[in-house]
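Visitor: Could you take me through one part of this chain at close range? I would like to hear about its backbone and its surroundings.

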Amino acid sequence: SRYVMTASAQMGPISKSETRADAVKRLVEMMREAKGRGCELVVFTELALTTFFPRWVIEDEAELDSYYETEMPSAATLPLFEEASKLGIGFYLGYAELVIENGVKRRYNTSILVDQTGTIIGKYRKVHLPGHSEPQEGRAFQHLEKAYFEPGDLGFPVCRGFGGVMGMAICNDRRWPETYRVMGLQGVDMVMLGYNTPFGHTGKHETDALTNFHNHLSMQAGAYQNATWVVGTAKCGDEEGSVMGGQSVIVAPSGEIVAQSYTMEDEVITAKCDLDAGNIYRETVFNFEIHRRPEHYGLIVER
Ligand code: CDT
């Protein structure tokens, strides 16, 4: 067995007026709680350092820039890295990334994986950006991720860490089977992901009641079909009037939920994850070598 004591550190709302320092303080507190419960890895959420700003039309570039990180760690996020190496606990962190490449300003919705020494060992940029690139009329809240980010350019890489093969995704990625399968093909043991999922995000009220169901459905299916752990961490609750779903979970390779949050606030849930728990599926029903039929999957990449 390869056990990793793992925490999912759900976050309640971050108000617009909260500083990076305020958010980092909350993250450090949850990191300490996770360590106190014996964890060596804590999974934080998507865009964990600020409010979920894609809900607003932001025309002023300087204001928009203020939501992004230009370095990691920065002065504001360094306490998280220092605490991690002091405690000997790793973490997944989602944040908005701004980089200048060849003189061009680029914006990504990014996550990193940091090991127990405080070293960044993995980086991912969100591929499946939901929402719109232009404001939509008649919506109480926008979802302008397509305006404020470009699709990630790193694919779905995995890295070695915590005794296994670790992968990352971000929010809307969890709804797409390709996300998990590309990492499954690289032998992933654990997929970590953070999410901000506003109720009413489809704009169709008949789907609102299914928001939590679809959240779990996609992660449980991704876990089972790829024999991997999935750790899903929400930012939730009423954030500046936009209510987002919680129900953060740790899902076993069987597809079963083994830990789930029950509040809409900062809350740490934990599970003792055996990275070998997927072997039973990898060796039987989801033995990719024997049972996959890629010669019939061409349309998936052609269209
Ligand atoms: N952050 C994020 O990706 N949220 C989406 C919902 C919004 S779609 C307009 C999600 O898939 O949860």
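**A close look at Leu 47**

Guide: Gladly, and let us begin with the surroundings: Leu 47 is buried, with 29 other C-beta atoms within 10 Å. Here a residue is buried if 20 or more other C-beta atoms lie within 10 Å of its own, exposed if 12 or fewer, and partly exposed in between, with C-beta atoms placed from the backbone. A word on the source: this is a predicted model, in which local features need pLDDT of at least 70, side-chain atom pairs count only at pLDDT 80 or more, and totals for chains, interfaces and linings use all residues. Residues are numbered from 1 along each chain as its sequence is written.

Now the backbone. Leu 47 is not a glycine, yet its phi is positive, at about 45°. The residue sits in the loop that runs between strand S2 (41-43) and H2; helices (H or I, at least four residues) and strands (E, at least two) are DSSP runs, numbered from the N terminus.

Following the chain onward, helix H2 (61-65) and helix H3 (78-87) are joined by a loop that holds Pro 73. The peptide bond leading from Met 72 to Pro 73 is cis, with omega near 0°.

For another positive phi, look at Gln 247, also not a glycine, with a value of about 50°. Its loop lies between strand S11 (242-244) and strand S12 (249-251). Gln 247 counts as partly exposed, because it has 19 C-beta neighbours inside 10 Å.

As a backdrop, buried residues make up 43% of the 303 residues in the chain.
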